[in-house]
Structures are given as structure tokens and as C-alpha cells.
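Student: Hi! Could we go through a helix pair and then some aromatic rings?
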Amino acid sequence: MREMTNMPDTMSLQEKLRITDTNLERLDNRTAAAAEMREAFLCEKLRAMLSAATDSAASAEEPDRIFRSIIRDEHFPDDFRSFTERACRAPADAVLPQLTEMRLKTENQLEQVSLCRMLAHASDPFYRITPDEARGKNYRRLITDLIRDDSRPEDDPARELDVRAPRSAGERIAYLRNTYTDEAYEQFAEAFLHAAPAYYSDFPGVCEALYYGRATACILPLENSVDGKLLRFYALMSKYDLRIGAMCSIASEDSDSQTNYALLRRSVTVPDPEEYDIWYMECRIILEEGMTLSRLLTAAAFYGLTLTRVDSVPVSYEDSEFTYDLILRIPPEGDLAAMLTYLYLLVPQFTLLGLYPMI
């Protein structure tokens, strides 16, 4: 065999790159074919998982049962991880075994991304979300079915205020009155009929009014362009177990700063897809072993969601552990149902803080 070093290098750089790119395109075609085969095998895997939880006749007549009996089952996330995690080992004759195993492990993680998407839409044709009608008439119902509300016991009297879709009339909005909250109230009030203000002397009083049913919503500042996330108000939101239903931005009169004010509710609300094209999902997560932030954001990217903000703070009871607060932008083509399914099944310590539009 002649040594390459003895051969005259007469090829131009462009010709070398062209040959290399041609070879990579051949590999792309083989990878694409393998990806389609993988999706077909995953469909079979999904059918096997569903058959263990509900029979096909029942799921055809009662599509909601899939979500009640599977996604909301406290044991299913562990089963899902057990069913879908595979030991990915490089072939014995692999030249680059470590690299090969890393790529195979990534493929397995992407399999879970695909399975969560399939599972989120497993109750077709009742809930089918196609690219042409990503926000169809059943979209709000689909998202509502996927949202779990585990934080409130059944005998909590405040559950009567549960608002799965924003109220269209009769709003009573509590807030601490000043120039900026007045402006925020006016913006929120325009989105609802017959809204009325309820004034309180401090922020805890504002939250208590909502918590105990004296108001249907309240207003708190959550972020500004100078200080960033306002942890004091997030702490109040957490203490009273409130959720973000809408957000607006108010500019300061004497500077270029802006403050984001949230309309808070007792429960997660689902915006009207016909009224708001862009939504945001805010959530709090604690990552467990095997799950990384980059892996989660890769899933979000596959579902068409984009990260707009991330904050991390130490968990109070364990300084080496952090909570991550994420805000993800959901465009009309974004698959929120798949993202929620992924979080519920693969991120056990996940709290949905709100689904909301910017008003």
C-alpha cells in the first residue's frame, strides 16, 4: 500500500471539501432511513405500553381515559423510564467505542422525546393536532387534560375557584394600588368583561384575597429590567400556591426600565388559542440523576419551544442542589402537549407555574 505522504497533493481545498460533503450526504440519507425505521419501532413500543393500561375499545370511546389512567398515574413515570431507557453499548469491533456509546445514548434520549410526543397525542382522532390546525378547537381541552393539579387537596374550599380557562366576566382583581399597578390593572381589565378592582394595603393581603376567595385574580410584579427576577414576589406566589395567568410590561416614567406584572390565579389557566398566538410556559424543576438542563432544552427544541429565561437558586434544604425556573416561548406551531408529557414523565420534580400570554 502506498503511503499517502508520498502522493502529491494536487487536489484543491474546495474539491476535498466537495468530496467529503458528498460522503456525508450519503451518510445523511442512511441516517434518515434509519430514523424513519426507528419511529416505526417506537410506534409499536407505544402500542405495547398503552395496551397494558387500557384496551383499545375503551380508548376509542373515552379518549380522556388515556390521560387519567396513564399520564396521571403516580407509578407510570417510573414505568415509562423503565420501558424506554435502553443500555446502549458500542459494538465490540467499534473503532471509537466511547464516541459511539455517547451517540447511541443520545439516540435513546431522542427516542423518549418521540415517545412523549406520540403519547401526548395517543387519543386520536379526538385530539389530533396537525400542523395545519395546531391550535384547533380541541387544543385547550387537550392541554387541560394533561395539566395535573396535585398541590390542592380535594377538600380545599379554594378549589371552587379553579379556573381552567380565563374567566370572561365577573373578574375581581386584587392589587396594591400605585401608578404602575393601576396601569397594569387597566391592561388586564381590557382583556375581561366586567372586571372590578379590589385594593389592599400590602402584597400579602393581595395574595390572601385570592387564596381565600375574596378575589378571582391578583396582581404582583415579578421581574424588572434592572433587578431581574423579583424573588420576594415569587416567594409570595409560592407561599400562597398561585399561578400565572397573564403578564404585561409597564415602562417606568423616569427611566428606561420596565417591570413585568403578573395576573395571578388559584390554578393554571389555558389561554384562548384563537385570541393569543404566542404563549409562555413558566415552570420550576429540580433535576435528578440522569436528567440535565441541556437534555431538557433539546426536547423543548424538538417540540418547537424556545428558552427565553432561566434562573437557578439553591434548594433551601440542600445547598448543593438547585431549582431551575424556566420560561419557554410557545409559538403556534409549538407542541406544548408533548412538552408537558415529557416533563411529567421524565422530570418528577416539576411544577407548572403558569401558561400565559403577554397582554
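Tutor: Happy to! A crossing is left-handed if the near helix is turned anticlockwise from the far one by less than a right angle, and right-handed if clockwise. This is a predicted model, where local features need pLDDT of at least 70, side-chain atom pairs count only at pLDDT 80 or more, and totals for chains, interfaces and linings use all residues. Residues are numbered from 1 along each chain as its sequence is written, and side-chain values use heavy atoms, leaving out hydrogens and water.
Student: Cool. So is the crossing of α10 and α11 left-handed or right-handed?
Tutor: The crossing of α10 and α11 is right-handed. Helices here are DSSP runs (H or I, at least four residues), numbered from the N terminus.
Student: And at what angle do the axes of α10 and α11 cross?
Tutor: Roughly 155°, with the axes of α10 (residues 293-302) and α11 (residues 336-346) coming within 9 Å. The two helices are therefore roughly antiparallel, a label for angles over 145 degrees.
Student: Which residues of α10 and α11 meet?
Tutor: Arg295, Leu296, Ala299 and Ala300 in α10 meet Met339, Tyr342 and Leu343 in α11, where contact means heavy atoms within 4.5 Å.
Student: Switching to rings: how many aromatic pairs are in the whole structure?
Tutor: Nine aromatic pairs, with ring centres within 6.5 Å; edge-to-face means planes over 60 degrees apart. Tyr211 and Tyr212 have ring centres 5.0 Å apart and planes at 90°, so that pair is edge-to-face.
Student: Is Tyr212 buried or exposed?
Tutor: Tyr212 is exposed at 55% relative accessible area (exposed is over 50%, buried under 20%, partly exposed in between, with a 1.4 Å probe and protein chains only). Tyr211 is partly exposed at 26%.

Terms used. Axes fitted to C-alpha atoms, helices over the stretch in contact; angles between N-to-C directions. Parallel < 35°, antiparallel > 145°, perpendicular 65-115°, else oblique. Phe/Tyr/Trp six-rings, centres within 6.5 Å; stacked < 30°, edge-to-face > 60°.
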